[in-house]
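Here are my notes on the model you sent over. Have it open while you read, and go through the points in order.

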Amino acid sequence: MPFNDVRREAQDRQGRREYRQQVLGLSAYDRHNKFVNDYVLFYGKSLGAPQQAVKTDHDTVRESYRFLRSSEDDQNLEGWEQKLAKRYYEKLFKVCQTRTSN
């Protein structure tokens with residue numbers, strides 16, 4: 001085996017060992033960020049289209065919740081957002097009733 005091949009193989013082994021030690025010393029979050037950044041640097045493009053903001057149940061309740069509900073509000077439930085807000089109101093009202101009755 002020529003000397004250059006042996007030297008190249010030893011450097012490769014040493015480089016892999018250093019890289020492994022560097023990666024193992026990171027937290028899972030930091031390791032993920034490192035892999036994503038390495039991907040972008042190697043391939044030269046991002047991982048895809050940026051994701052749109054997701055509307056969670058918490059956001060929906062915050063938008064459509066009413067502190068005082070009337071009977072008209074309960075009859076005009078048009079979408080799942082209003083139904084979710086009504087369910088939240090009922091649970092909250094039930095908790096308040098049990099706390100004041102004690």
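1. First, a term: the radius of gyration here is taken over C-alpha atoms, and the globule rule is 2.2 Å times the number of residues to the power 0.38. Keep in mind that this is a predicted model. For a compact globule of 102 residues you'd expect a radius of gyration near 13 Å, but this chain comes out at 29 Å. The C-alpha trace spans about 90 × 40 × 15 Å along its principal axes.

2. What is the chain built from? It has five helices and zero strands, so to speak α-α-α-α-α when read from the N terminus.

3. On burial and contacts: 10% of the 102 residues are buried. Take the contacts between residues at least 6 apart in sequence, and 15% of them join residues at least 24 apart. The accessible surface comes to about 9,400 Å², with 52% of it belonging to carbon and sulfur atoms.

4. Have a look at helix 2, residues 28-43. Its 16 residues should span 22 Å at 1.5 Å a residue, and the end C-alpha atoms are indeed 22 Å apart, so the two values agree. Right after helix 2 comes Gly 44, with a positive phi near 75 degrees.

5. Helix 2 also holds Phe 42. Is Phe 42 buried or exposed? Its relative accessible area is 66%, so Phe 42 counts as exposed. Together with Tyr 39, Val 40 and Tyr 43, Phe 42 makes a nonpolar surface patch of about 420 Å².

6. Thr 60, in helix 3 (residues 57-64), is worth a click. With a relative accessibility of 1%, Thr 60 is buried. What does Thr 60 contact, leaving aside neighbours within four places in sequence? The list is Lys 55, Trp 80, Glu 81 and Leu 84.

7. Now the salt bridges: a search of the whole structure turns up four. One of them pairs Glu 9 with Arg 13, at 3.2 Å from N to O. Both residues sit in helix 1 (residues 3-24), four residues apart, about one turn of the helix. Glu 9 is partly exposed at 38%, and Arg 13 is partly exposed at 40%.

8. Back in helix 2, Lys 34 and Asp 38 are four residues apart, about one turn. They form a salt bridge whose closest N and O atoms are 3.2 Å apart. Asp 38 has a relative accessible area of 26%, so it is partly exposed.

9. Helix 5 (residues 80-101) contains Lys 86 and Glu 90, four residues apart. Their side chains meet in a salt bridge at 2.6 Å, N to O. Glu 90 is partly exposed, at 39%.

Terms used. Residues numbered from 1 in each chain as written. Predicted model: local features only at pLDDT ≥ 70, side-chain atom pairs only at ≥ 80, totals over all residues. Heavy atoms only, no water. Patch = residues over 30% accessible without salt bridge, like charges linked within 9 Å, V, L, I, M, F, W, Y side chains within 5 Å. Areas by Shrake-Rupley, 256 points an atom, 1.4 Å probe, with all protein chains shown as cover. Helix = DSSP H or I, 4+ residues; strand = E, 2+ residues; numbered from the N terminus. Buried < 20%, exposed > 50% of the residue type's maximum accessible area, 1.4 Å probe, protein only. Contact = heavy atoms within 4.5 Å. Expected span 1.5 Å × (residues − 1).
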